[in-house]
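Me: I'm new to this one and would like a close look at a single part of it. Could you take me through the nonpolar core and then show me how the rest of the chain sits around it?

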Amino acid sequence: MSASRDIDSLIDMMARLPGLGPRSARRAVLHMIRKKELLLTPLADLMHHVAVTVRECARCGNIGAGELCDICTSEKRATGEICVVEDVADLWAMERAAVFKGRYHVPVSYTHLTLPTSDLV
Ligand SMILES: [Zn+2]
């Protein structure tokens, strides 16, 4: 595969990300290529590392790198309170807001769903 086809494939993949269309994906890829040492290479390495290590927490459904996530392994979070959230994105939003100090539960894992996009409304 030629470099330009690889770059086109990268743009196509980036355009699939939420919030990025083809134009913004092309702009982002061009920016990363121009900042190859500062951005593209570290980002590629980090994405590979995350792809290899990421997994769903066996207890709460959060995303982490081990059998249990950092929240489930923290004794400080063992308050006896459990917040049920619809999605991991909601859990992460709660954590950013720092409004809850207990543990979470995500009832349905969306990370394993691989519906074809034609099934999505
Ligand atoms: Zn957990």
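Reply: Here is a walk through the core, one residue of it in particular, and then the parts of the chain beyond.

Keep in mind that this is a predicted model. To get your bearings, the chain holds 5 helices and 4 strands. Starting at the N terminus, their order is α-α-α-β-β-α-β-α-β. Buried residues are scarce in the numbers: 10% of the 121 residues count as buried.

Now the core itself. The largest nonpolar core has 9 residues: Cys57, Cys60, Cys69, Ile71, Val85, Val88, Leu91, Tyr104 and Val106. That fits a common pattern: in soluble globular proteins, nonpolar side chains tend to be buried together.

Let's settle on Cys60, one of those core members. You'll find Cys60 in the loop between strand 1 and strand 2. Is Cys60 buried or exposed? Cys60 has 23 C-beta neighbours inside 10 Å, and 20 or more is what it takes, so this residue counts as buried.

Who are the contacts of Cys60? Leaving out residues up to four places away in sequence, Cys60 touches Cys69, Ile71, Cys72, Arg103, Tyr104, His105 and Val106. Take Tyr104 from that list: Cys60 and Tyr104 are 44 residues apart in sequence, yet their C-alpha atoms are 5.8 Å apart in space.

Turn to Tyr104 and look back the other way. With residues up to four places away in sequence again left out, Tyr104 touches Cys60, Asn62, Ile71, Ile82, Cys83, Val85 and Leu91. As for the chain as a whole, take the contacts between residues at least 6 apart in sequence: 25% of them join residues at least 24 apart.

Next, the two short strands on either side of the Cys60 loop. Strand 1 covers residues 55-56, and Glu56 lies in it. Glu56 has 17 C-beta neighbours inside 10 Å, so Glu56 counts as partly exposed. From Glu56 to Val88 you cross 32 residues of sequence, while the C-alpha to C-alpha distance is 9.9 Å. Val88, for its part, is one of the core residues.

Strand 2 covers residues 63-64 and includes Gly64. Because 18 other C-beta atoms lie within 10 Å of Gly64, this residue is partly exposed. Apart from residues up to four places away in sequence, Gly64 touches Arg55, Cys57, Cys69 and Asp70. Two of these, Cys57 and Cys69, belong to the core. Gly64 also sits 5.7 Å from Val54, C-alpha to C-alpha, with the two positions 10 residues apart in sequence numbering.

A little further on is Gly66, in the loop between strand 2 and helix 4 (70-73). Here the count is 12 other C-beta atoms within 10 Å, so Gly66 is exposed. Gly66 and Glu56 are 10 residues apart in sequence and 8.1 Å apart in space, C-alpha to C-alpha.

Further along the chain, look for Ala98, in the loop between helix 5 (88-97) and strand 4 (103-105). Ala98 is not a glycine, but its phi is positive all the same, at about 55°. With 7 C-beta neighbours inside 10 Å, Ala98 counts as exposed.

Finally, go back to the N-terminal helices. Helix 1 (residues 3-15) and helix 2 (residues 22-34) have axes that come within 8 Å and cross at roughly 125°. That angle makes helix 1 oblique to helix 2. The crossing of helix 1 past helix 2 is right-handed. On the helix 1 side, the contact is made by Ile7, Leu10, Ile11, Met14 and Ala15, and on the helix 2 side by Pro22, Ala25, Arg26, Ala28 and Val29.

Helix 3 follows, with 18 residues (36-53). From its first C-alpha to its last, helix 3 reaches 24 Å, close to the expected 26 Å. Why does helix 3 lie largely in the open? Of its 18 residues, the number buried is 0, so helix 3 lies largely in the open.

Technical notes:
Residues are numbered from 1 along each chain as its sequence is written. This is a predicted model: local features need pLDDT of at least 70, side-chain atom pairs count only at pLDDT 80 or more; totals for chains, interfaces and linings use all residues. Helices (H or I, at least four residues) and strands (E, at least two) are DSSP runs, numbered from the N terminus. The expected span of a helix is 1.5 Å times one less than its number of residues. Two residues are in contact if their C-beta atoms, placed from the backbone, lie within 7 Å. A nonpolar core is a set of buried Ala, Val, Leu, Ile, Met, Phe, Trp, Tyr and Cys residues joined through C-beta atoms within 7 Å. Axes are lines fitted to C-alpha atoms, for helices over the stretch in contact, and angles run from 0 to 180 degrees between N-to-C directions. Angles under 35 degrees count as roughly parallel, over 145 as roughly antiparallel, 65 to 115 as roughly perpendicular and the rest as oblique. A crossing is left-handed if the near helix is turned anticlockwise from the far one by less than a right angle, and right-handed if clockwise.
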